[in-house]
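Biologist: Before we begin, could you put the sequence and the model in front of us, so that we can go through them together slowly?

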Amino acid sequence: MASALLLAALSYLSSGLFVHTYCENRPIMLVLAAVGVVTLCFLIRCWPPTLLQRAATILAILLCLFEISFNLWFFGWATRICADQKRLH
């Protein structure tokens, strides 16, 4: 659960920090998405036995899915914006 929270925080904070350099930092967002996929696989593979732990794992899985989709959306958005900027110059 902690790793999912950390990944989500890094992803959302990184998008705000990279506003002026998003073209150069697109690979970082892809790396965060890849780490999210690995975390998601780990969470699914290590399914907990108790109900409370399962609830926390399900929340962590949902958080990882949101983090992965956000990072991929940001990468696509930044790619489109960077292509538009290159056409203007």
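Modeller: Helices here are DSSP runs of H or I with at least four residues, strands are runs of E with at least two, and both are numbered from the N terminus. This is a predicted model, in which local features need pLDDT of at least 70 and side-chain atom pairs count only at pLDDT 80 or more, while totals for chains, interfaces and linings use all residues. Residues are numbered from 1 along each chain as its sequence is written, and side-chain values use heavy atoms, with hydrogens and water left out.

Biologist: Then let me start with a single residue: in which helix is glutamine 85 found?

Modeller: With helices taken as such runs, glutamine 85 is found in helix H3. Glutamine 53 is another residue that lies in H3. The element that holds glutamine 85 is therefore, by the DSSP runs, helix H3.

Biologist: How far apart are the end C-alpha atoms of helix H3?

Modeller: The expected span of a helix is 1.5 Å times one less than its number of residues. Helix H3 covers residues 51-88, which makes 38 residues, and so it should span 56 Å. The model agrees with this expectation, since the end C-alpha atoms of H3 are separated by 56 Å.

Biologist: Is glutamine 85 buried, partly exposed or exposed?

Modeller: A residue is called buried under 20% relative accessible area, exposed over 50%, and partly exposed in between, using a 1.4 Å probe and protein chains only. Glutamine 85 has a relative accessibility of 34%, and therefore it counts as partly exposed.

Biologist: Which residues of H3 are buried?

Modeller: The cut-off to apply is again under 20% relative accessible area. Phenylalanine 70, for instance, has 18% and is therefore buried. The full list for H3 is Thr57, Ala60, Ile61, Cys64, Glu67, Ile68, Phe70, Asn71, Phe74, Ala78 and Cys82.

Biologist: Which element gives the most to the largest nonpolar core?

Modeller: A nonpolar core is a set of buried Ala, Val, Leu, Ile, Met, Phe, Trp, Tyr and Cys residues joined through side-chain atoms within 4.5 Å. The largest one has nine residues, namely Leu7, Tyr22, Cys23, Met29, Leu32, Phe70, Phe74, Ala78 and Cys82. Two elements give two or more residues to this core, helix H2 (26-45) and H3. With four residues, the element that gives the most is H3.

Biologist: How are the rings of phenylalanine 70 and tryptophan 73 arranged: stacked, edge-to-face or tilted?

Modeller: Rings of Phe, Tyr and Trp (its six-membered ring) pair if their centres lie within 6.5 Å, and planes under 30 degrees apart count as stacked, over 60 as edge-to-face and the rest as tilted. By this rule the count comes to four aromatic pairs. For phenylalanine 70 and tryptophan 73, the centres are 5.9 Å apart and the planes stand at 35°, so the pair is tilted.

Biologist: And what is the angle between the planes of tryptophan 73 and tryptophan 77?

Modeller: These two residues both lie in helix H3, four residues apart, which is about one turn of the helix. Together with Phe70 and Phe74, they form one aromatic cluster. Tryptophan 73 and tryptophan 77 make a stacked pair, with 6.0 Å from centre to centre and an angle between the planes of 15°.

Biologist: Which side chains meet in a salt bridge?

Modeller: A salt bridge is a side-chain nitrogen of Lys or Arg within 4 Å of a carboxyl oxygen of Asp or Glu, and the structure holds one. The partners both lie in helix H3, three residues apart, about one turn of the helix. At 2.7 Å from N to O, the side chains that meet are those of arginine 87 and aspartate 84.

Biologist: Is arginine 87 buried or exposed?

Modeller: Its partner aspartate 84 has 30% relative accessibility and therefore counts as partly exposed. Arginine 87 has 64%, so this residue counts as exposed.

Biologist: Finally, how far apart in space are glutamine 53 and methionine 1?

Modeller: Methionine 1 is found in the segment before H1, whereas glutamine 53 lies in helix H3. The two are 52 residues apart in sequence, and their separation in space, C-alpha to C-alpha, is 9.7 Å.
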